[in-house]
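This report introduces a protein model to a reader who has not met it before. Please look over the sequence and the structure before reading on.

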Amino acid sequence: MLDTFYAFYTPGEKARRVVGGIGWEVAEQLKAEGMAFERPNTYGAGTGVTYDPEVLKVVWERLAEDARVDVLLHTWATGVALRDGRIVSIRAWNKGGESVFEAEAIIDASGDADVCAMAGVPYEDAKSTPNLQSLSTIFRVANVDVEKASALPKTELWALMHRAAESGDYTLPRLEGSWHRTPHAGVVTVHMTRIPNVDATDPEQLTRAEIDGRRQVREYHRFLRDKVPGFDRSVLVATSPAIGVRESRRVIGDYRLTRDDVLKARRFEDEIALCGAPIEDHASGPDTRWTYVPGGGVYGIPYRCLLPEGVEGMLVAGRCFSATHDAHASARSMATCMAMGQAAGTAAAMAVKSQKTPRSLDASALRNCLLENRALLDPID
Ligand SMILES: Cc1cc2nc3c(=O)[nH]c(=O)nc-3n(C[C@H](O)[C@H](O)[C@H](O)COP(=O)(O)OP(=O)(O)OC[C@H]3O[C@@H](n4cnc5c(N)ncnc54)[C@H](O)[C@@H]3O)c2cc1C
């Protein structure tokens, strides 16, 4: 349902691109199909690449097939086996029953660090994070007069929200948020809902959040239709198939990226990805807080952030990587997650090929291999 890749570019007047490789190839393929365009972020957080998510699904499958990846959908990892401190297999369940997959290197890209948790890797989670990010259900609306709706400045949209909530006629927990156009005429995507204080790894809490998120969507759409010019004849056509979780478990790795690293634009010898995105904090309450890397700076994500503490043969990538709450709030956008994914995949392949563990790999060899595959380890103008 999400339809805009952020963090390919740094924010600011002079945007620089900081993610290349497979992530950028995906963006280029979407553009080549006429199904993506670049647009400024509503909050000034850098140029985004807005795409049609239905086309993205097919692009991803095509790329995976071309690379001869064996894909198995509808399958959940449910357990792990460890031998002498090394992960050796994953147990998984699907409609065919239970199976065990042995592998010399295993990457946890589950968002919630499920595999790491099962392997006993230490992590931070909802219980240890008092200012945990809220969840949101994204929705799509059709039959919008986009020209008319665009004429209303964001501050006036938010003023309308405040007045609607104060009138008591609408229940709007977040009094800001945004909508943006898509590649399709009259169709827009809306980011407005907010469901705070949810432990997304607790199934009962997640179920309640899912139901609450869809209820909020109806309410925000009612507000848009009643109060916002251009939305009066609009129809709600889709809600995200699952509620969006910004933050759940964050693994403790050999290094933890910190707020200081982000705001000081720190670079690392073993960095495998770059990011210049602001710290975007969707805390509970009506607003969202943005803290920018000074001077449009860029920080590095060390390879050590992908190495879960205490277990061999394992890597982590994406939003469950090793970072503190604040650093995670900057590095969790999709382009950065794709860059981490490419690095973790490359490291796993190199480790298997050379009969090493991911931890014992030479980071400079990994960085060279990433560069050969068009990843960016220095920003380009
Ligand atoms: C509401 C919301 C809005 C956002 N907006 C944007 C935006 O506009 N632009 C942007 O760039 N970023 C945005 N983000 C951030 C970004 O979408 C995420 O941080 C990013 O997609 C995380 O990617 P990931 O691959 O780590 O995890 P995910 O995208 O969550 O992928 C994890 C995958 O693992 C699977 N999985 C989970 N557990 C298991 C298991 N046990 N076994 C097997 N499979 C499993 C899941 O089904 C899923 O397919 C937003 C996030 C949210 C929540």
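Which backbone N or O atom lies 2.9 Å from an oxygen atom of the ligand? The atom belongs to the backbone of Y6. The model discussed here is a predicted one.

## Polar contacts of the ligand

Besides Y6, two further residues approach the ligand through their backbones. A polar backbone atom of T4 lies 2.7 Å from a nitrogen atom of the ligand. For A77, a backbone N or O atom is found 2.8 Å from a nitrogen atom of the ligand. The ligand, taken alone, exposes 1000 Å², and the protein buries 73% of that area.

## The shell around the ligand

Strand 1 (4-5), strand 4 (76-83) and helix 9 (334-353) are the elements that each give two or more residues to the shell. In total, 23 residues surround the ligand, and the closest are T4, A77, R319, R332 and M334. By character, the residues of the shell divide into 10 nonpolar, 9 polar and 4 charged.

The shell also draws on two domains. Domain 1 comprises 61-71 + 108-127 + 248-372, and domain 2 comprises 134-245. Because both domains give residues to the shell, the ligand lies between them.

## Helix 9

Helix 9, one of the elements that contribute to the ligand shell, has 20 residues. At 1.5 Å a residue the helix should span 28 Å, and its end C-alpha atoms are indeed 28 Å apart, so the expected and computed values agree. Of the 20 residues, 14 are buried, and helix 9 is therefore mostly covered, where buried means under 20% relative accessible area. Just after the helix, Q355 takes a positive phi of about 55°.

## Positive phi in two loops

Two alanines also have positive phi values. In A113, a residue other than glycine, phi is near 55°. This residue belongs to the loop that joins strand 7 (106-108) to helix 3 (114-118). With a relative accessible area of 0%, A113 is buried.

A265 has a positive phi near 50° and is likewise not a glycine. Its loop runs between helix 7 (259-263) and strand 14 (271-275). Is A265 buried or partly exposed? A relative accessibility of 23% means that A265 counts as partly exposed.

## Helix residues and their distant partners

Three helix residues illustrate how positions separated along the chain are placed in space. C116 is part of helix 3, the helix that follows the loop holding A113. At 0% relative accessibility, C116 counts as buried. Its C-alpha atom is separated by 7.3 Å from that of V251, although their positions lie 135 residues apart along the chain as a sequence separation.

L63 sits in helix 2 (residues 53-66) and is buried, with a relative accessible area of 17%. The C-alpha atoms of L63 and Q29 are 9.8 Å apart, for a separation of 34 residues along the chain. A165, in helix 5 (residues 154-166), is partly exposed, with a relative accessible area of 24%. How many residues apart along the chain are A165 and F223? They are 58 residues apart, and their C-alpha atoms are separated by 9.4 Å.

Technical notes. Residues numbered from 1 in each chain as written. Predicted model: local features only at pLDDT ≥ 70, side-chain atom pairs only at ≥ 80, totals over all residues. Heavy atoms only, no water. Near = heavy atom within 4 Å. Polar contact = N/O pair within 3.5 Å; in protein donor to acceptor, adjacent residues only side chain to side chain. Areas by Shrake-Rupley, 256 points an atom, 1.4 Å probe, with all protein chains shown as cover. Helix = DSSP H or I, 4+ residues; strand = E, 2+ residues; numbered from the N terminus. Nonpolar A, V, L, I, M, F, W, Y, C, P; charged D, E, K, R; others polar. Domains from an automatic or database assignment. Expected span 1.5 Å × (residues − 1). Buried < 20%, exposed > 50% of the residue type's maximum accessible area, 1.4 Å probe, protein only.
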